[in-house]
Amino acid sequence: MRNIGVGVVGCGYWGPKLARNFREIPGTTLAWVCDLSQERLDHLSSLYPEAKATRSYDELLASDVEAVAIATPVRTHHPLALKALRAGKHVLVEKPLAASQAEAEEIVSEGASRRRTVMVGHTFEYNAAVRTVKEVIASGELGEIYYINGTRVNLGLFQPDINVIWDLAPHDISILRFVLDQEPEAVSVRGGAYVQKDKGIHDVAFLTLYFPNGVLADVRVSWLDPCKIRRYTVVGSKKMLVYDDIAPDKVVLCDKGVEIPPYSDTVEEFHASYRQNGEAAVPIAWQEPLRAECQHFAACIRDGTTPCSSGEVGLKVVMVLEAAQRSLLNGGRREVIPW
């Protein structure tokens with residue numbers, strides 16, 4: 001297995017997690033770490049003294065590393081990714097891929113023209129629980145999918161330059177696309193800016209995504225909630241499912257539902273039949289999602305295969321985010337996503 005040298009750019013919250021995984025997984029070497037903060041570099045160097053540390057992105061790109069993992073503020077993703085691709089590097093960019101559709105399209109185009117892997121850090125697509133949800137839906141065990149309800153809330157982490165939609169909702173948009181294997185047709189959003197009201201940065205939002213065949217997905221995202229919740233409910237015509245990312249049993253299948261009699265002549269004859277046949281946890285072979293993501297990135301570089309969370313996937317998520325932002329600012333009006 002050919003070893004791949006990786007440079008991690010951005011040593012704040014997420015970069016050190018990437019650095020740890022690229023150092024530990026077989027077939028990759030953490031060769032460089034890069035950040036503007038010398039304090040952060042010193043910290044990473046104390047953890048991984050074998051990796052070279054630099055404040056100069058150009059110095060990293062001039063090295064012989066094959067790949068660059070970018071974990072920096074969203075506004076920097078576009079210039080940093082383009083520069084890495086033009087230096088001949090493969091790139092893994094944290095979500096979202098870019099701050100606009102135009103920027104994302106340019107990154108994808110540059111990667112294709114240079115035959116370099118472009119992958120986006122939609123980590124939940126590598127989460128064993130999410131993959132189990134996808135398998136259960138695809139099996140037909142739930143029947144026709146009616147709707148999905150999701151909650152992703154916590155107290156923090158507040159961002160100074162992007163709102164909660166651009167920070168948290170990329171996870172949910174990528175999860176919904178992945179498990180339903182469909183693109184949303186439209187989106188509507190309501191939200192509020194409270195803590196950073198003077199900057200107009202929304203810290204809570206309620207998104208409704210409209211999928212084909214009438215499937216609705218409602219998602220609440222917030223930095224301003226006393227509880228950490230990462231929970232989805234999938235309701236089908238036959239059964240229901242609950243995915244809770246922070247519960248011991250992450251995926252629970254519920255044999256519950258309701259049936260309406262085929263006909264009734266009077267109100268008195270109408271009796272809905274409710275099914276309450278219990279719940280069962282679905283077994284999952286757990287692996288750290290970020291580790292699976294980093295392994296997949298390295299494998300795609302070696303094999304020349306397209307990543308699950310490719311640049312094209314990242315572009316589609318950005319397109320949904322842009323439509324969501326338009327809806328947020330126009331009072332929640334439904335916005336069609338221009339596929």
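In the predicted model examined here, the largest cavity encloses about 60 Å³ of space, and the structure holds one cavity of 30 Å³ or more. The residues that line the largest cavity are Val130, Val133, Ile148, Ile175, Val179, Tyr232, Val234 and Tyr243. When this lining is divided by class, eight residues are nonpolar, while no polar and no charged residues are found. At least two residues of the lining are supplied by each of helix 6, helix 7 and strand 11, the last of which spans 224–236.

Two of these elements, helix 6 (residues 128–139) and helix 7 (residues 164–180), pack against each other at an angle of about 35°, and their axes lie 8 Å apart. On the side of helix 6, the contact is made by Val130, Arg131, Val133, Lys134 and Ile137, which meet Ile175, Phe178 and Val179 in helix 7. The residues of this contact comprise six nonpolar and two charged ones, with no polar residue among them. Val130 and Val133 of helix 6, together with Ile175 and Val179 of helix 7, take part in this contact, and these four residues are also included in the lining of the largest cavity.

Open spaces were examined as well as the enclosed one. The largest pocket has a volume of about 1,500 Å³, and its lining is made up of 49 residues, among which Tyr13, Trp14, Lys95, Leu157 and Asp167 lie nearest the centre of the pocket. Two or more residues of this lining are given by each of helix 4 (74–86), strand 7 (145–155), helix 7, strand 11 and helix 8 (289–303), and the largest share, five residues, comes from helix 4. By class, the lining of the largest pocket consists of 22 nonpolar, 13 polar and 14 charged residues.

The second largest pocket has a volume of about 240 Å³. This pocket is lined by 17 residues, and those closest to its centre are Gly111, Arg115, Arg116, Thr117 and Val118. Helix 5 (101–113), helix 8 and helix 9 (311–329) each contribute at least two residues to the lining of the second largest pocket, with helix 5 providing the largest share, which is three residues. Here the lining divides into six nonpolar, eight polar and three charged residues.

Some features of the backbone deserve separate mention. In general, most residues other than glycine have a negative phi, and most peptide bonds are trans. In this model, the peptide bond from Lys95 to Pro96 is cis, with omega near -15°, and Pro96 is placed in the loop between strand 5 (90–94) and helix 5. The peptide bond from Gly156 to Leu157 is likewise cis, with omega near -5°, and Leu157 belongs to the loop between strand 7 and helix 7. Both Lys95 and Leu157 appear in the group of residues nearest the centre of the largest pocket.

A positive phi, near 55°, is found at Arg115, a residue other than glycine, which is situated in the loop between helix 5 and strand 6 (118–121). Because its relative accessibility is 74%, above the 50% limit, Arg115 counts as exposed. Asn213 also has a positive phi, near 65°, and is found in the loop between strand 9 (204–210) and strand 10 (216–222). With a relative accessibility of 68%, Asn213 counts as exposed.

Two further residues, Pro16 and Gly257, were considered in their surroundings. Pro16 is located in helix 1 (residues 15–24) and is buried, at a relative accessible area of 16%. Apart from neighbours within four places in sequence, Pro16 is in contact with Cys11, Arg40, Leu44 and Tyr48. Gly257, which lies in strand 13 (residues 251–259), is buried with a relative accessible area of 12%. When residues up to four places away in sequence are not counted, Gly257 touches Met240, Ser273, Tyr274 and Arg275. Of these, Tyr274 is 17 residues from Gly257 in sequence, and the C-alpha atoms of the two are 5.9 Å apart in space.

Finally, the cysteines were examined for disulfides, of which the count is zero. The cysteine sulfur closest to that of Cys34 belongs to Cys11 and is 7.3 Å away; a disulfide requires the two sulfur atoms to be within 2.5 Å, so this distance is too far for a bond. Cys34 counts as buried at 4% relative accessibility, and Cys254 is buried with a relative accessible area of 6%.

Terms used
Residues numbered from 1 in each chain as written. Predicted model: local features only at pLDDT ≥ 70, side-chain atom pairs only at ≥ 80, totals over all residues. Heavy atoms only, no water. Axes fitted to C-alpha atoms, helices over the stretch in contact; angles between N-to-C directions. Helix = DSSP H or I, 4+ residues; strand = E, 2+ residues; numbered from the N terminus. Contact = heavy atoms within 4.5 Å. Nonpolar A, V, L, I, M, F, W, Y, C, P; charged D, E, K, R; others polar. Buried < 20%, exposed > 50% of the residue type's maximum accessible area, 1.4 Å probe, protein only. 1 Å grid on protein atoms, 1.4 Å probe; cavity = no way out; pocket = protein on both sides within 12 Å on 5 of 7 lines; lining within 4 Å. Points joined across faces, edges and corners; volume = space filled by probe spheres on them.
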